[in-house]
Amino acid sequence: MDGRSWAFATSGSTGQPVVWHRTPGQIAAEAGLLADLCQARDDGVDGVVSFAPLHHLYGHLMGIAVPTTLGVPCRLVSVTAPLRWAFAGLRRPLVAAMPAAIASLQHSVGLLRGLDEIVLVHGSAVLTPATATLLGDLAGRARLVDLFGSTETGLVGYRRSPDAAWTPAPDVTLAEEPGTGRLIVRGPRIATRPGSPARTSAVLEDLVSVNPDGTFCWSGRSNRLLKINGRRVHLDQVEAALHSRVPGATARCQPAVDPRRGEWFDVHVAGADPAEVADVERACRSLPAWQRPRTVRAA
Amino acid sequence: MTDTQSSTAVTDRVRERVADLLGGRRLDPADDAVALADLDPDRYDSLGVLDCVAAVEDEFDISIDLVDDDLRVTFRSVSAISDLVRRRLADVHALGWA
């Protein structure tokens with residue numbers, strides 16, 4: 001925070017890191033919205049358990065701003081930590097999760113079944129099938145609030161079921177960009193770049209279709225960008241890096257759902273030459289960690 | 001199969017699955033006690049640990065309870081994982097679930 005705003009930087013995994021500034025008023029407004037969406041006020045929840053890193057907008061909101069708004073304690077938890085202490089003394093926690101946290105919570109269902117109610121907030125990544133499984137395992141004890149947004153725009157929409165269309169946040173209006181279908185977001189919580197004037201709209205790479213009732217459906221992105229555990233990876237950049245390391249091989253990145261990262265990808269090598277596949281495997285190991293694929297295989 | 005052979009087999013299977021997760025690199029049995037995060041810090045981060053939990057559950061058809069276990073300890077190395085697997089397999093056998 002620089003005295004006037006909070007700064008959140010993107011990872012820089014697809015280029016130079018981008019810094020976005022948010023005013024304290026924008027943060028407070030978003031925390032209030034989230035508290036209302038989670039029906040968390042008036043003793044609705046008695047604490048927050050957050051798996052989200054504080055230096056990201058989602059983690060800051062769920063780990064600091066929302067607990068402050070609600071006046072409840074917050075426990076920051078790693079996905080590898082034992083969960084008994086994290087929930088100790090809580091009966092109606094709000095849990096801020098992402099796919100890796102869902103995987104961790106799935107291994108603690110017995111503990112979670114002992115709680116009165118859980119508000120399961122999910123953000124920063126594509127919802128995985130494991131979330132629906134977890135909700136089923138908790139047999140009506142958990143309420144889902146799935147969030148759609150970005151560091152640039154903040155919260156754009158939400159839904160309460162994995163299969164539902166998204167409902168826009170009450171203070172935003174949405175539109176499809178003519179010709180591209182990219183999502184245009186207008187509202188009072190758009191972040192600004194350092195030294196730039198305030199903005200009231202932003203265009204995201206997400207492709208959506210807006211329904212007649214105002215809800216919207218997400219159909220992917222306008223480019224080959226993935227968000228792997230919240231980190232942006234551009235598959236064109238990965239393929240270019242592999243081509244420069246193994247010029248003779250044709251390696252194609254294929255997106256895949258991953259239960260712990262939300263999205264990931266496999267590399268398919270054209271032809272069945274084992275030596276060429278091995279060369280691509282070696283090349284993959286030389287990539288930065290966040291660009292490495294789940295598997296390399298012959299196409 | 002003797003207990004020692006069985007114990008060695010568990011460790012061999014754990015080492016093989018971990019090697020797959022670390023991108024197919026060869027793991028030396030002499031490094032079984034070395035922290036996997038030291039061997040491959042990029043791949044064996046918190047998500048890599050969760051990948052390993054899923055792989056071990058799949059390999060041995062067991063369930064890992066995270067309520068009380070700190071994965072940074074129980075999944076620290078091939079030896080630590082093998083010890084946990086042996087305890088879980090013993091539990092399964094004792095409870096007649098096998």
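Visitor: Is A:Gln39 buried, exposed or partly exposed?
Guide: This is a predicted model, so we count neighbours on the computed coordinates: A:Gln39 has 13 other C-beta atoms within 10 Å. Exposed needs 12 or fewer and buried needs 20 or more. Because 13 falls in between, A:Gln39 comes out as partly exposed.

Visitor: What is the phi of A:Gln39, and where does the residue sit?
Guide: Look in the loop between α1 (24-37) and β3 (47-50) of chain A, and you'll find A:Gln39 there. It isn't a glycine, yet its phi is positive. The value is about 50 degrees.

Visitor: Is A:Ala139 buried or exposed?
Guide: A:Ala139 belongs to the loop between α6 (129-137) and β7 (142-150) of chain A. Its phi is positive too, near 45 degrees, and again this residue is something other than glycine. For the neighbour count, the cut-off for exposed is 12 or fewer. A:Ala139 has 9 C-beta neighbours inside 10 Å, so it counts as exposed.

Visitor: What separates the centres of domain 1 and domain 2 of chain A?
Guide: The domain assignment puts domain 1 at 6-221 and domain 2 at 225-298 of chain A. Take the centres over C-alpha atoms, and the separation is 29 Å.

Visitor: Which helix gives the largest share of the side of domain 1 of chain A that touches domain 2 of chain A?
Guide: The contact takes 16 residues from domain 1 of chain A and 16 residues from domain 2 of chain A. On the domain 1 side, they split into seven nonpolar, seven polar and two charged. The largest share there is three residues, and they come from helix α4 (residues 99-106) of chain A.

Definitions and conventions: Residues numbered from 1 in each chain as written. Chains lettered and ligands numbered in written order. Predicted model: local features only at pLDDT ≥ 70, side-chain atom pairs only at ≥ 80, totals over all residues. Domains from an automatic or database assignment. Contact = placed C-beta atoms within 7 Å. Helix = DSSP H or I, 4+ residues; strand = E, 2+ residues; numbered from the N terminus. Nonpolar A, V, L, I, M, F, W, Y, C, P; charged D, E, K, R; others polar.
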